[in-house]
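Biologist: Before we open the model, could you take me through how one reads such a structure, feature by feature?
Modeller: Gladly; here it is.
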Amino acid sequence: MENTCGFVHLHNHTMYSLLDGAIRPASLIASAKEWGMGAIAITDHGNMFGAMEFYLKAQKEGIKPIIGSEIYVAIEGRTVRRPARGNNDGANHLVLLAATDQGYRNLMKIVSIGYLEGFYYKPRVDKEILREYSEGLIALTACLGGEVPQLIIQGHREEAEQAAVELNGIFGDGNFYLELQDHGIPEEKTAIEGLLDISR
């Protein structure tokens, strides 16, 4: 099947995302090649365990590997270990993609800090860490677990917009994107409407 629109998946979970992903990196790359995609991203939850395997296999198959991670951002700070804003782990999701070598190094640092300093159910960082290590990274608002979609679903449109503006400020113009997902989940329709409104 030929990819005529140039579409590339930037949010993918492999077997290294326990209870969420099942595909092996080699199979992900094979699918990208079959669909005529010139690139594909790996964004496992809170880790980069499959990054090296993914990178080497993608290079071998002539597919551009995009290294990333769907990290967890602590709502009240990485050292606060309690539920927050209705989330048991006190965190929201955020997809980060390495755009440069420095971005890759920063992504490794962010993921490591999540395990060493912010672990509470999951490896978490906070916006202080994101500000310090944002260079070379591209951020996406993520799934329904992301801060911006969560606030939209909860009916807090103004707060959602403020969160989007804050994240855009952290990563810089052109490095922050509102991610749209449609898997037929009713809440996603609400999130999409809000995200499009914020974009406008």
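Biologist: Is Tyr 121 buried or exposed?
Modeller: In this predicted model, Tyr 121 counts as exposed because its relative accessibility is 60%, and the cut-off for that word is over 50%. Tyr 121 sits in the loop between helix H3 (101-116) and strand S4, and its phi is positive, about 70°, although Tyr 121 is not a glycine.

Biologist: Which phi does Ala 142 have, and is Ala 142 buried or exposed?
Modeller: Ala 142 has a positive phi of about 75°, and it is not a glycine either. Ala 142 is buried, because its relative accessible area is 2%, where buried means under 20%. The loop that holds Ala 142 runs between S5 and helix H5 (147-153).

Biologist: How should I read the two faces of a strand?
Modeller: The general idea is that side chains in a regular strand alternate between the two faces of the sheet. In strand S1 (residues 39-45), 7 of the 7 residues are buried; Ala 39, Ala 41, Thr 43 and His 45 lie on one side, while Ile 40, Ile 42 and Asp 44 lie on the other, so that both faces are covered. Strand S3 (residues 91-98) can be read in the same manner, with 8 of its 8 residues buried: Ala 91, His 93, Val 95 and Leu 97 point one way from S3, and Asn 92, Leu 94, Leu 96 and Ala 98 point the other way.

Biologist: In which sense do S1 and S2 pair, and in which sense do S2 and S3 pair?
Modeller: S1 and S2 pair in the parallel sense, over 7 bridges, and within that pairing Thr 43 stands opposite Gly 68 in S2. Strand S2 (residues 64-74) pairs with S3 in the antiparallel sense, over 7 bridges, and there Glu 70 has Val 95 of S3 as its bridge partner. S3 also pairs with strand S5 (residues 137-140) in the antiparallel sense, over 4 bridges, with Leu 140 of S5 as the bridge partner of Val 95.

Biologist: And how are two packed helices described?
Modeller: One gives the angle between their axes and the distance between the axes. Here helix H1 (residues 25-34) and helix H2 (residues 51-61) pack at an angle of about 30°, and their axes are 9 Å apart; the crossing of H1 and H2 is right-handed. H1 contributes Pro 25, Ala 26, Leu 28, Ile 29 and Lys 33 to the contact, and H2 contributes Glu 53, Phe 54, Lys 57, Ala 58 and Glu 61. Sorted by character, the residues of this contact are 6 nonpolar and 4 charged, with no polar ones.

Biologist: What is Gly 50 in contact with, leaving aside its neighbours within four places in sequence?
Modeller: With that exclusion, Gly 50 is in contact with Tyr 16 and Ile 42. Gly 50 belongs to the loop between S1 and H2, and it counts as buried because its relative accessible area is 0%. Its C-alpha atom is separated by 9.0 Å from that of Arg 24, which is 26 residues away along the chain.

Biologist: How far apart are His 183 and Leu 167, in sequence and in space?
Modeller: These two are 16 residues apart in sequence and 25 Å apart in space, taken from C-alpha to C-alpha. His 183 lies in the loop between strand S6 (176-177) and helix H7 (186-199), and it is described as exposed because its relative accessible area is 58%.

Biologist: Which backbone atom does the side chain of Asp 126 reach?
Modeller: The side chain of Asp 126 reaches the backbone nitrogen of Arg 78, at 3.0 Å. Asp 126 is placed in the loop between strand S4 (124-125) and helix H4 (127-132), and it counts as buried because its relative accessibility is 8%. Leaving aside neighbours within four places in sequence, Asp 126 is in contact with Val 73, Ala 74, Gly 77 and Arg 78.

Biologist: Where does Ser 134 lie, and is Ser 134 buried or exposed?
Modeller: Ser 134 lies in the loop between H4 and S5, and it counts as buried because its relative accessibility is 13%. A polar atom of the Ser 134 side chain lies 3.2 Å from the backbone oxygen of Ile 170. Leaving aside neighbours within four places in sequence, the contacts of Ser 134 are with Asn 106, Ile 170 and Phe 171.

Note on methods
Residues numbered from 1 in each chain as written. Predicted model: local features only at pLDDT ≥ 70, side-chain atom pairs only at ≥ 80, totals over all residues. Heavy atoms only, no water. Axes fitted to C-alpha atoms, helices over the stretch in contact; angles between N-to-C directions. Helix = DSSP H or I, 4+ residues; strand = E, 2+ residues; numbered from the N terminus. Left-handed = near helix turned anticlockwise from the far one by under 90°. Contact = heavy atoms within 4.5 Å. Nonpolar A, V, L, I, M, F, W, Y, C, P; charged D, E, K, R; others polar. Buried < 20%, exposed > 50% of the residue type's maximum accessible area, 1.4 Å probe, protein only. Polar contact = N/O pair within 3.5 Å; in protein donor to acceptor, adjacent residues only side chain to side chain. Pairing = 2+ DSSP bridges.
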